Amino acid sequence: MIPRRLHSRVHDLLSEYPAVALIGPRQVGKTTLAWQIGGALDSVYLDLESPSDLAKLSDPELYLADHQHRLVILDEVHRTPDLFQALRGLIDRGRRSGRGVGRFLLLGSASMELLRQSGESLAGRIAYLELGPLDVTEVGSSNWSPLWVRGGFPDSFLSADDRRSFVWRQNFIRTYLERDIPQFGRRIPAETLRRFWVMLAHAQGGLLNAAALSRGLGVDGKTVSRYLDLMTDLLLVRRLPPWRRNVGKRLVKSPKVYVRDSGIVHALLGLTSKEDLLGHPVVGASWEGFVIETLVSRLPDGSEASYYRSSGGAEIDLVLTLPGCRPWAIEVKRSLNPRPRKGFHSGCNDVRPESKFVVYPGAERYRITPDTEAVPLLDLARELG
């Protein structure tokens with residue numbers, strides 16, 4: 001069992017809020033983490049995809065009132081939107097009777113749907129946390145390479161070998177396309193969505209080109225936007241926005257798009273092992289996406305992540321704006337002799353960052369120039385955390 005770094009954070013929020021929502025894609029470990037937390041408390045677990053558990057909530061106020069002194073864990077809660085009104089009444093009555101915190105732990109796989117449903121009813125009563133796949137701070141520096149190749153979904157990362165990990169990821173993709181997405185009410189042909197997902201993997205880290213995607217799929221631009229919104233909502237794709245400040249230059253305004261888990265990228269492209277990956281053109285973009293996803297997942301609350309690119313060639317792979325600080329400029333290199341490009345220095349002249357880093361797959365931290373530091377991924381992720 002690999003300890004998740006959000007474990008203590010969930011505990012802390014349950015001591016401050018009546019309800020805590022833990023969101024993340026399927027199979028990322030939400031239920032396992034909830035069981036661990038519930039096992040240390042007086043709790044009851046309900047899976048709202050189970051007909052028997054769902055039947056218990058035919059009269060939710062009556063059932064949940066019987067468990068008012070326990071932590072109630074509700075899995076896949078976005079499937080029962082009518083439940084949120086009942087939760088609000090129970091929370092408010094609990095506050096009046098002195099049971100104001102630690103009432104409900106809600107688990108969901110669709111972020112926007114859960115945020116919308118809960119925000120309408122539980123505003124001021126709920127805190128949100130996103131649980132992503134395993135990252136390098138959780139598996140350790142000696143395991144970053146298999147984590148990059150296999151991705152961070154626990155069953156994939158912990159497989160006995162690369163082949164079994166690859167088969168698990170293929171089945172994961174198929175299950176999402178054929179079972180999970182239709183459950184969210186989206187009537188999209190599975191094969192069309194698979195082609196879209198594969199096209200995003202081929203263009204990993206590239207600027208969003210809706211026209212090219214629509215031509216490749218034979219659909220219009222609005223349909224492409226709808227597909228992308230769906231994949232983003234399911235926490236499978238990240239849109240990295242451009243850095244927006246007035247620097248007196250023409251800036252690229254399209255977002256960059258990443259399939260969030262590197263192992264899913266490789267499975268979509270048919271790359272079974274590290275040897276397959278190193279011989280494929282996506283290797284650099286895959287490493288860049290792996291680094292960006294790791295760092296963004298470690299950002300403190302109130303931070304912003306973006307990229308910078310001007311029409312003149314200035315470019316910064318990742319700009320992190322932390323609360324109360326000037327930006328951090330980050331270049332990503334998959335070389336043991338990392339040297340930032342000329343465009344990185346030009347971009348830094350425009351952005352004027354507080355700190356400049358080049359993230360590379362080595363183990364030593366050292367200065368490339370007086371104000372630019374080469375840093376291993378694990379070191380920078382821990383520094384952000």
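Student: Which residues of H1 are buried?
Tutor: In this predicted model, the buried residues of helix H1 cover an arc of only 100 degrees around the axis, which puts them on the same side of H1. They pack against S1, helix H2 (30-39), S3, S4 and S5. The buried residues are Val10, Leu13 and Leu14.

Student: In what order do the strands of the 5-stranded open sheet stand, and which strands are at its edges?
Tutor: The pairing in this sheet is parallel, and the order is S2-S3-S4-S1-S5. The twist from one strand to the next averages 15 degrees. Each edge strand has a single partner strand, so one side of each is left without a neighbour in the sheet; these edge strands are S2 (43-47) and S5 (126-130).

Student: Which residue in S4 is the bridge partner of Leu22?
Tutor: Strand S1 covers residues 19-23 and strand S4 covers residues 104-108. The two pair in the parallel sense over 5 bridges. In S4, the partner of Leu22 is Leu107.

Student: What angle does the direction of H1 make with that of S5?
Tutor: Helix H1 (residues 7-14) packs on the sheet and touches S1, strand S3 (71-75), S4 and S5. Its direction makes with that of S5 an angle of about 175 degrees.

Student: And what angle does the direction of H5 make with that of S4?
Tutor: Helix H5 (residues 83-96) also packs on the sheet, where it touches S1, S3 and S4. The angle between the direction of H5 and that of S4 is about 160 degrees.

Student: Which strands stand at the edges of the sheet with the order S6-S8-S7?
Tutor: This open sheet has 3 strands, with antiparallel pairing. A strand with a single partner has one side left without a neighbour in the sheet, and this holds for S6 (206-207) and S7 (237-240).

Student: Which residue in S8 does Leu240 stand opposite?
Tutor: S7 and strand S8 (residues 256-259) pair in the antiparallel sense over 4 bridges. Opposite Leu240, in S8, stands Lys256.

Student: At what angle does H16 run to S8?
Tutor: Two helices can be described here. Helix H13 (residues 221-233) lies across S7 and S8, running at about 110 degrees to S7. Helix H16 (residues 283-297) lies across S7 and S8 as well, and its angle to S8 is about 90 degrees.

Student: How many residues lie between S13 and S14 in their hairpin?
Tutor: Strand S13 (residues 366-369) and strand S14 (residues 372-376) pair in the antiparallel sense over 3 bridges. Within that pairing, the bridge partner of Arg367 is Glu373 in S14. The number of residues between the two strands of the hairpin is 2.

Student: Why is Cys348 in no bond with Cys325, and how far apart are their sulfurs?
Tutor: The count of disulfides comes to 0. Cys348 is buried, with a relative accessible area of 5%, whereas Cys325 is partly exposed at 32%. The closest cysteine sulfur to that of Cys348 is in Cys325, too far for a bond, at a distance of 16 Å.

Student: Where in the protein chain is confidence lowest?
Tutor: The mean pLDDT of the chain is 90, and 96% of its residues reach 70 or more. Confidence is highest in helix H14 (residues 262-268), at 98. Where pLDDT is low, the predicted coordinates should not be read in detail. The lowest mean, 66, belongs to residues 111-121, helix H6.

Methods. Residues numbered from 1 in each chain as written. Predicted model: local features only at pLDDT ≥ 70, side-chain atom pairs only at ≥ 80, totals over all residues. Heavy atoms only, no water. Pairing = 2+ DSSP bridges. Axes fitted to C-alpha atoms, helices over the stretch in contact; angles between N-to-C directions. Contact = heavy atoms within 4.5 Å. Buried < 20%, exposed > 50% of the residue type's maximum accessible area, 1.4 Å probe, protein only. Arc of directions from axis to C-beta. pLDDT = per-residue confidence, 0-100. Disulfide = S-S within 2.5 Å.
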